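Colleague: I would like to learn how to read a model of this kind, feature by feature. Please give the general idea each time, then the case at hand.

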Amino acid sequence: MMSPTSSADGVWRNLRLAPGLAVPDVALPAGELAAVVVQGGMLRWVGPTGAVPAAHAALPQHDGGGALATPGLVDCHTHLVYGGQRANEFAMRLAGASYEEIAQAGGGIVSSVNATRTASEDALFALAAPRLQALLDEGVCAIEIKSGYGLALEHERKQLRVARRLGKTFGVTVRTTFLGAHALPPEYAGRSQDYINLVCQEMLPALAAEGLVDAVDVFCERIAFTLAETEQVFRAAQQLGLPVKLHAEQISDMGGSALAARYGALSCDHIEHLSQAGIDAMQAAGTVAVLLPGAYYTLRDTQVPPIAQLRAAGVPMAVSTDHNPGTSPCLSLLLMANMACTLFRLTVPEALAGITTHAARALGLQDSLGLIASGRPANFVLWPVAEAAELAYWFGHKPAATIVRQGRVANDGMGICAAQGARHGA
Ligand code: DI6
Ligand code: FE
């Protein structure tokens with residue numbers, strides 16, 4: 001399943017650093033091509049190709065030939081592990097049903113819950129692996145994966161264990177998020193408070209103790225959980241020292257973002273109906289706004305998130321696939337960058353920061369991912385494009401990129417290593 005990889009250690013010369021996504025150690029004169037030095041899987045030096053320190057001369061040398069270099073992409077909001085698929089709901093929506101109507105009729109999230117509960121851990125892994133591979137092939141180096149289709153301890157555990165196993169098997173950074181409060185499981189119908197008690201008192205503490213939880217999320221919405229229930233989950237997370245994030249203001253303005261900000265949330269996600277008070281609270285807390293144009297597109301939403309206000313307030317904006325079987329069966333982060341520009345009117349630099357720097361911040365990984373800078377693990381992508389805007393401009397196209405992930409050449413689509421015949425460790 002997996003392609004063999006080789007060490008990326010070496011001097012990668014003649015690159016164009018994507019504007020705003022790199023921090024050189026030595027300033028780059030305008031128009032000069034850059035080099036990055038990788039040693040021991042880490043970025044050791046970033047600067048002009050003509051100024052690479054002599055100490056690195058013995059490393060393998062790779063000629064990037066003027067390729068554009070970006071940090072490895074970060075997909076900061078996915079529901080990648082689940083059983084089944086929901087093409088039938090796609091057809092129902094085409095026939096006029098709304099997402100809320102489908103959910104209320106017993107479809108929606110609950111149908112994925114049934115398919116996930118009946119699948120074994122191995123089966124879930126086998127289903128998720130090609131989805132992950134598709135994202136990785138486009139340059140993703142780190143991904144968040146949520147639970148939330150198990151809604152019972154053993155099944156949430158199964159999802160989170162698969163997420164961890166995906167990270168180890170594929171050599172990719174995986175951050176797990178416990179989303180036990182995603183939907184009310186059928187066996188708790190009419191007993192929302194009992195289910196939230198179970199989430200807070202049993203499921204979350206057990207899964208956290210097993211090391212399966214990096215963050216905690218809630219679907220705060222009128223078809224899901226109330227503000228008070230959300231806060232109860234946040235308090236449980238806080239007691240365990242776990243950061244929170246929130247599916248907020250997707251369908252209505254519940255005030256969830258302001259609540260999440262009060263708990264120092266890493267991010268508030270969707271936020272089509274976010275108010276100015278919510279924006280101000282997020283700004284004050286340093287919470288990232290995660291934009292999910294795939295769900296907006298699938299649901300044919302018409303309420304665009306308040307981009308101009310977020311921009312004016314200086315709230316960092318990330319962009320993610322929200323990969324899930326109901327509202328965003330999407331496996332291209334570059335397509336989401338395109339849609340963030342076309343549908344939400346992000347600028348190209350905003351969209352590219354949204355799938356790198358700000359996405360890393362939404363995972364609390366801003367010090368190690370999302371920028372090309374020395375002292376960080378080597379995660380970068382070399383693209384055969386003339387200008388950075390092409391990454392958001394093309395759609396439905398997978399550029400033949402060369403991908404360095406966790407210090408390994410995961411993919412040499414541009415043939416840079418092959419062309420050099422450079423020495424590589426095994
Ligand atoms: N918001 C979403 O976009 C997904 N979950 C959520 O809370 C949709 C999940 C699904 O329909 O299966
Ligand atoms: Fe989601």
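Modeller: Start with strands: helices (H or I, at least four residues) and strands (E, at least two) are DSSP runs, numbered from the N terminus, and two strands pair if DSSP finds at least two bridges between them. This is a predicted model, in which local features need pLDDT of at least 70 and side-chain atom pairs count only at pLDDT 80 or more, while totals for chains, interfaces and linings use all residues. Residues are numbered from 1 along each chain as its sequence is written, chains are lettered from A and ligands numbered from 1 in the order in which they are written, and side-chain values use heavy atoms, with hydrogens and water left out.

Colleague: Which residue stands opposite Val 409 in S18?

Modeller: Val 404 does. Strand S17 (residues 402-405) pairs with S18 in the antiparallel sense, over 4 bridges. Their hairpin has 2 residues between the strands, and Gln 406 takes a positive phi near 50 degrees there.

Colleague: In what order do the 8 strands of the open sheet run?

Modeller: The order is S1-S18-S17-S16-S6-S2-S4-S5, with mixed pairing. At the edges are strand S1 (6-7) and strand S5 (42-48), each paired on one side only. S1 joins strand S18 (residues 408-412) in the antiparallel sense through 2 bridges, where Ser 7 has Arg 408 as its bridge partner. Strand S2 (residues 10-17) and strand S4 (residues 34-39) are also antiparallel, over 4 bridges, and Val 11 is bridged to Val 37 in S4.

Colleague: Which residues are the protein donors of the iron ion (ligand 2)?

Modeller: Donors are N, O and S atoms within 2.8 Å of the metal (3.2 Å for Na, K and Ca); water is not among the atoms, so sites may look incomplete. Here they are His 77 (NE2), His 79 (NE2), His 247 (NE2) and Asp 322 (OD), 2.1 to 2.3 Å from the iron ion (ligand 2). Their spacing in sequence is H-x1-H-x167-H-x74-D. His 77, in the loop between strand S7 (73-75) and H1, and His 247, in strand S11 (residues 244-248), are 170 residues apart and link distant parts of the chain. Both His 77 and His 247 are buried (under 20% relative accessible area, 1.4 Å probe, protein chains only).

Colleague: How are the angles at the iron ion (ligand 2) to be read?

Modeller: Ideal angles at a metal are 109.5 degrees for four tetrahedral donors. Four donors count as tetrahedral if all angles lie between 85 and 135 degrees, and as square planar if opposite donors are over 155 degrees apart and all others between 65 and 115; anything else is irregular. The angles among the 4 donor atoms here are 79 to 164 degrees, and the site is irregular.

Colleague: How many cavities of 30 Å³ or more does a search of the whole structure find?

Modeller: Rolling a probe the size of a water molecule over the atoms shows where empty space is left. On a 1 Å grid over the protein atoms alone, a cavity is a set of points where a 1.4 Å probe fits but cannot get out, and a pocket is an open set with protein on both sides within 12 Å along at least five of seven lines; lining residues have an atom within 4 Å of a point. Grid points are joined across faces, edges and corners, and a volume is the space filled by probe spheres set on the points. The search finds 1 cavity, with about 100 Å³ of space. Its lining has 13 residues, with His 79, Tyr 99, His 182, Asn 324 and Thr 327 closest to the centre.

Colleague: And what volume has the largest pocket?

Modeller: About 400 Å³. The lining of the largest pocket takes its largest share, 3 residues, from H1.

Technical notes:
Four donors count as tetrahedral if all angles lie between 85 and 135 degrees; four count as square planar and six as octahedral if opposite donors are over 155 degrees apart and all others between 65 and 115; anything else is irregular. Buried means under 20% relative accessible area, exposed over 50%, partly exposed in between (1.4 Å probe, protein chains only).
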